[in-house]
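Colleague: Got a minute? I'm new to this one and could use a quick tour.

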Amino acid sequence: MEFLVHARNKLPRDFPAERRAEMRTLERAVAGRWRTEGMLQRLWRVPGRTDWVGLFTADDATVLHDALTTLPMWPWLEITVQPLATHPQER
């Protein structure tokens, strides 16, 4: 299944800069692993925000949820997931 995932970062502005940088590095590593595994298809950032939008492939919503919860910033992310279906013109 394909899913469109939108995440809004709610990390507090006063969050320690060192810890923020460490978490970004860890997030990149997780995203890289997902790309290698074929789960993360595309990733975009939203201009002017710390939001991101990703196209994911997973067996089902539970598999996707379990993966997203491994993100280091998970506690500070507001995530919206839209399952996608093939449009008749794409068949």
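Modeller: Sure, let's go through the sheet and then a helix.
Modeller: It's a predicted model, where local features need pLDDT of at least 70, side-chain atom pairs count only at pLDDT 80 or more, and totals for chains, interfaces and linings use all residues. Residues are numbered from 1 along each chain as its sequence is written, and side-chain values use heavy atoms, with hydrogens and water left out.

Colleague: In what order do the strands of the open sheet come?

Modeller: The order is β2-β3-β1-β4, with antiparallel pairing. Strands are DSSP E runs of at least two residues, helices H or I runs of at least four, numbered from the N terminus; two strands pair if DSSP finds at least two bridges between them. β2 and β4 stand at the edges with a single partner strand each, so one side of each has no neighbour in the sheet.

Colleague: How many bridges join β2 to β3?

Modeller: Five. One partnership there is Trp44 with Val53 in β3. Six residues lie between the strands of that hairpin, and Gly48 takes a positive phi near 80°.

Colleague: Switching topic: which residues of α2 are buried?

Modeller: Leu64, Ala67 and Leu68; buried means under 20% relative accessible area, exposed over 50%, partly exposed in between, with a 1.4 Å probe and protein chains only. Down the axis of α2, its buried residues fall within an arc of 95° (from directions between the helix axis and the C-beta atoms), so they line one face of the helix.

Colleague: And what covers them?

Modeller: The cover includes β1, α1, β3 and β4.

How values were computed
Contact means heavy atoms within 4.5 Å.
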